[in-house]
Amino acid sequence: MSLESYMNRIGQQARAASRLLAKASTKQKNMALFAMADALENARPRLIEENAKDMENGRAKGLDSALLDRLLLNDARIDGMIEGLKQVASLPDPIGEISNMVYLPSGIQRGQMRVPLGVVGIIYESRPNVTIDAASLCLKSGNATILRGGSEAFHSNQVIAEAISAGLKSVNLPEEAVQVLNTTDREAVGKLITMPEYVDVIVPRGGRGLIQRISEDARVPVIKHLDGNCHVYIDDEADLVKAFNIALNAKTRRYGVCNAMESLLVHKAIARDVLPKLIFAFLEKGVELVGCEATQAMSASIGSASEEDWYTEYHAPKLSIKIVSDMDEAIAHINKYGSHHTDAIVSQNYSKTRAFMTEVDSSSVMVNASTSFADGFEYGFGAEIGISTDKIHARGPVGLLGLTSQKYIVLGDGHTRDN
C-alpha cells in the first residue's frame with residue numbers, strides 16, 4: 001500500500017471512530033481507560049525491553065542527553081503513565097455539559113453544549129509517554145486521535161499502541177479511535193497536516209524546527225508553542241530561602257523539558273545575598289553559566305551572555321543570569337526575550353506579584369513557585385496533550401477542556417420568528 005493510501009485509510013477510520021466516540025458514555029470511556037492501565041501494566045516487562053532498543057539506537061545515532069532523558073522509560077515513568085490514565089478516568093467528563101442557558105424575549109432558551117473537536121492529530125518527538133497522555137485525554141474528551149511519534153521511540157510506541165487497542169477493544173469502542181502510525185516515513189507528517197477532510201486540529205510536540213515546519217505547512221489548525229524560554233525573577237522583597245530553592249529546582253529538576261528555567265533575573269538590591277549561593281549550587285551540578293557584566297563580576301566561572309543567549313531555550317545544563325534594577329525591567333526583559341510559556345516571580349510583596357501576573361504576557365505565570373509546575377498533570381488535568389502559547393481557543397497546558405469546543409443550542413416550544 002502506498003503512503004498516501006495508508007494515510008487516507010487512517011484518516012477515514014479516525015473520522016468514522018470520532019462519530020462513535022462522540023456518543024460514547026462516560027462509563028464506557030472510563031472503563032476503557034482503566035483497561036488500558038491494566039494492559040500497560042501487563043506489558044511492562046516488554047515495554048522496558050523495547051524501550052532499551054530505542055535507547056540503544058538513540059545512543060548509536062548520537063542523540064544528546066536531553067533527548068535520551070525524554071526517551072527513557074523506567075518503572076517510575078511507567079507508573080506515572082498508568083497513574084495518568086487513572087487520573088483522567090477520575091476527571092469529570094465535559095462532553096454534553098450545558099451552560100449559560102437563558103430565556104430570551106422571544107421565549108426561546110439559548111445555551112451552549114460542550115462537544116469534542118473531532119479528530120486530533122498529534123506529532124511528537126522522543127517521549128513515548130506522550131502516546132498515553134494523548135490517547136487518554138482524547139478518549140475522555142470524545143475525540144479520535146492519530147499519533148505520529150518520533151522514529152527514535154518507534155519500538156516503545158508500538159507496545160503502548162497495543163495496550164491502548166486492547167483497552168478500547170475490551171469495552172467495545174472502536175480500536176481506530178486511537179491510531180499510532182506504524183511508519184517512520186517523514187512524508188507521513190506532511191500528509192497528516194494537510195488532511196482537513198479527516199483531521200480537525202494538529203498538536204505538535206517537539207523541537208522548534210518541527211513545530212515551525214508544521215505551523216507553516218499545515219492546512220489544519222495548530223495548537224502549539226515554539227519555545228520554552230522560561231524565566232524566574234527574584235525580587236528585592238523575596239524570601240531568599242524560597243528563592244534559592246525555587247531557582248535551583250526550576251533549572252536542575254530536568255534540563256530537557258519545556259518548563260525548565262533558562263534565564264534567571266535578580267533584583268540588584270539582593271543580588272549579593274542570593275546569587276553567590278546559587279552560582280555555587282549551579283556550578284556544583286555542572287550547569288554552565290553566562291550572564292551580564294554585573295553577574296560576571298561575582299564569579300570568574302561565569303561567561304558573557306550574548307544577545308542570542310537571552311532568546312535561547314537551551315534544553316541543556318546552561319543558564320543565563322541578569323541583574324536588573326527593578327521589577328519593571330524584569331517584566332520588560334521577559335516580554336521581549338521570553339516565549340510566552342512560563343515565567344515566575346519570587347516576592348513577598350502582594351502588590352508586586354499581582355502586577356507581575358497582570359503584565360507578564362505568558363500562558364502560565366507563577367508566584368513563589370517553580371516553573372516546573374507548568375504541566376498538565378500538576379495542574380490536575382491528569383495529563384496534557386501539549387502546551388499552547390497561542391491566544392485563541394487554548395492557552396497553557398491543554399487538558400480536557402482544551403480538546404473541546406462549544407456549540408449553541410436553542411430550546412423552543414413551537415416558536416417561530418415573525419421578522
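This is a short tour of a predicted model, with stops at a helix, two pockets, a cavity and two loop residues.

**Stop one: helix α5.** Select residues 75-90, which form α5. At 1.5 Å a residue, its 16 residues should span 22 Å, and the end C-alpha atoms lie 23 Å apart, which agrees. Now colour I78, M81, I82, G84, L85, V88 and A89, the buried residues of α5. They sit on the same side of the helix, because the arc they cover around the axis is only 145°. Turn to the face pointing away from that buried side and you will find the exposed residues A76 and S90. To see what covers the buried residues, show α2 (26-42), α3 (44-60), α6 (129-140) and α7, which are among the covering elements.

**Stop two: the largest pocket.** Keep α5 on screen, since we meet it again here. Which residues lie closest to the centre of the largest pocket? Select R127, N129, D133, R254 and D375, the closest of the 44 that line the pocket. The space inside is about 860 Å³. Helix α5 provides the largest share of the lining, five residues, while α5, α6 and β6 (201-205) each supply at least two. By class, the lining has 15 nonpolar, 14 polar and 15 charged residues.

**Stop three: the second largest pocket.** This pocket holds about 520 Å³ of space. Centre your view on E125, S126, E152, R186 and L210, which are the closest to its centre among 26 lining residues. Then add α4 (65-71), β3 (119-124) and α9 (208-217), the elements that give two or more residues to the lining. Of these, α4 gives the most, with four residues. The lining is made up of nine nonpolar, ten polar and seven charged residues.

**Stop four: the cavity.** The structure has one cavity of 30 Å³ or more, and its space comes to about 60 Å³. Select R148, G149, G150, S151, F154, N157, Q158, V180, L181, T183 and T184 to display its lining. Helix α7 (residues 154-170), which we passed at α5, gives the most here, with three residues. Three of the lining residues are nonpolar, seven polar and one charged.

**Stop five: two histidines.** Most residues other than glycine have a negative phi. Go to H315, in the loop between α13 (307-311) and β11 (318-324), where phi is positive, near 55°. H315 is partly exposed, with a relative accessible area of 24%. Finish at H393, in the loop between β14 (387-388) and β15 (396-397); its phi is also positive, about 75°.

Conventions: Residues are numbered from 1 along each chain as its sequence is written. This is a predicted model: local features need pLDDT of at least 70, side-chain atom pairs count only at pLDDT 80 or more; totals for chains, interfaces and linings use all residues. Side-chain values use heavy atoms; hydrogens and water are left out. On a 1 Å grid over the protein atoms alone, a cavity is a set of points where a 1.4 Å probe fits but cannot get out, and a pocket is an open set with protein on both sides within 12 Å along at least five of seven lines; lining residues have an atom within 4 Å of a point. Grid points are joined across faces, edges and corners, and a volume is the space filled by probe spheres set on the points. Ala, Val, Leu, Ile, Met, Phe, Trp, Tyr, Cys and Pro count as nonpolar, Asp, Glu, Lys and Arg as charged, and the others, Gly among them, as polar. The expected span of a helix is 1.5 Å times one less than its number of residues. Buried means under 20% relative accessible area, exposed over 50%, partly exposed in between (1.4 Å probe, protein chains only). The arc is that of the directions from the helix axis to the C-beta atoms. Contact means heavy atoms within 4.5 Å.
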